[in-house]
Amino acid sequence: MPIFEMLVFAAAGAVIVLAGTYMAKVSDELADRTGMGEAVFGALMLGAATSLPGVVASVSAALADQPSLAVSNAVGGIAAQTTFLVIADAVYRRANLEHAAAEVTNLWQSAGLILLLALALGASLAPPVTFLSIHPVTIVLFGCYLVLATTGMRLRHQPSWSPDETALTHPDEPDDAIEASGSVASLALRFVGLAVALGVAGHFIAWSASAIATSFGISQTVAGVLLTSVVTSLPELVTTIAAVRLGALQLAVGGIVGGNTFDVLFLAFADAGYRSGSIYHAAADRDVLMIAAALVMATIMLLGLIARDRRGVGREGYAIIGVYVGVVALQVWLG
């Protein structure tokens, strides 16, 4: 039994939880102090920072010639984090979280997530053409993400439309009490330090998970879906719950949606690190199935953001849980 690797896995997971918890408060303050707003900061900065463990895990797996682990970690993380939003919905009992945190930026990022996942799915079905061992869709993914990010920031300050406010809507309003927390520079340094800690922990997560999977005879896909993707996604769960308790609802939703959008780039980074060709084609069919499942869950999430159920978890929440449990059970059954 790989006792040492299991201890490393647990220790790295603990670092992720602790760093993620503190990051929510720092992010809430930075969102107000920089004027970016919770939804934009959550989608771009917090989403990318909390995704660092996952991107390091996927790239590490790709460099170690483990394409299934790299891909399943990426899309498994998207599926897990979408489910985390349902958990946050249950924590926030005043209203449906998608209703209370209505924000055009979150709708934009959700639609963009569907686009990026569709491109990744299409890449796995297209001819395995590469240039310097990089598939053309990898470049397209980076370009699309840049457009999504810049347009999302513009929509924050110049929205073309806005959702109707109701008695249950929780607007994004700056907290006047944050001035005592230090300068923007000091907050930014804390944010970067926490992000680095998350990235280092992600490397050890990938290394230990691979050793554990090999020792117990677990497939790379199952290891990615059940081990690395869940643990490296803990920052999203921790920061989302913390943001909800702070009343930063747009930050909570934006962190999940933006984190998921950034997570699609795991595939692009992993493709660049995988030197044996296109990682989209090196992955197994069951890994492609996870991409399709993540695409379905992202679509359900967007529908929920549009429908805006007023109370409870909402129909989209139960549907997301059903899809996630179903696809994980199928992966375990496949072995």
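Visitor: Among contacts with a separation of 6 or more, what share joins residues 24 or more positions apart?
Guide: That share is 86% of such contacts in the protein. Keep in mind that this is a predicted model.

Visitor: Okay, secondary structure. How many helices and strands are there?
Guide: The protein has 14 helices and 0 strands. Read from the N terminus, the elements go α-α-α-α-α-α-α-α-α-α-α-α-α-α.

Visitor: Why call it as compact as a globular protein of that length?
Guide: Because its radius of gyration is 19 Å, close to the 20 Å that the globule rule gives for 335 residues. Along the principal axes, the C-alpha atoms fill a box of roughly 50 × 40 × 35 Å.

Visitor: What percentage of residues is buried?
Guide: Buried residues are 58% of the 335.

Visitor: And the largest nonpolar core, how many residues does that have?
Guide: It has 100 residues. Met23, Phe41, Leu97, Leu117, Leu141 and Ile279 have the most contacts inside it.

Visitor: Which helix gives the most to this core?
Guide: Helix 11, residues 249-273, with 13 residues.

Visitor: Back to Leu97. What does it touch, leaving out residues up to four places away in sequence?
Guide: Leu97 touches Leu85, Ala88, Asp89 and Tyr92. Val244, Leu249 and Val253 are also on its list.

Visitor: Switching to the surface. How much area does the protein expose?
Guide: About 13,200 Å². Carbon and sulfur atoms supply 69% of that.

Visitor: Charges? How far apart are the mean positions of the positive and negative ones?
Guide: They are 4 Å apart, with 14 positive and 23 negative charges in the protein.

How values were computed:
Residues numbered from 1 in each chain as written. Predicted model: local features only at pLDDT ≥ 70, side-chain atom pairs only at ≥ 80, totals over all residues. Heavy atoms only, no water. Core = buried A, V, L, I, M, F, W, Y, C linked by side-chain atoms within 4.5 Å. Buried < 20%, exposed > 50% of the residue type's maximum accessible area, 1.4 Å probe, protein only. Helix = DSSP H or I, 4+ residues; strand = E, 2+ residues; numbered from the N terminus. Contact = heavy atoms within 4.5 Å. Rg over C-alpha atoms; globule rule 2.2 N^0.38 Å. Areas by Shrake-Rupley, 256 points an atom, 1.4 Å probe, with all protein chains shown as cover. Lys, Arg positive; Asp, Glu negative; His and termini not counted. Charge placed at Lys NZ, Arg CZ, Asp CG, Glu CD.
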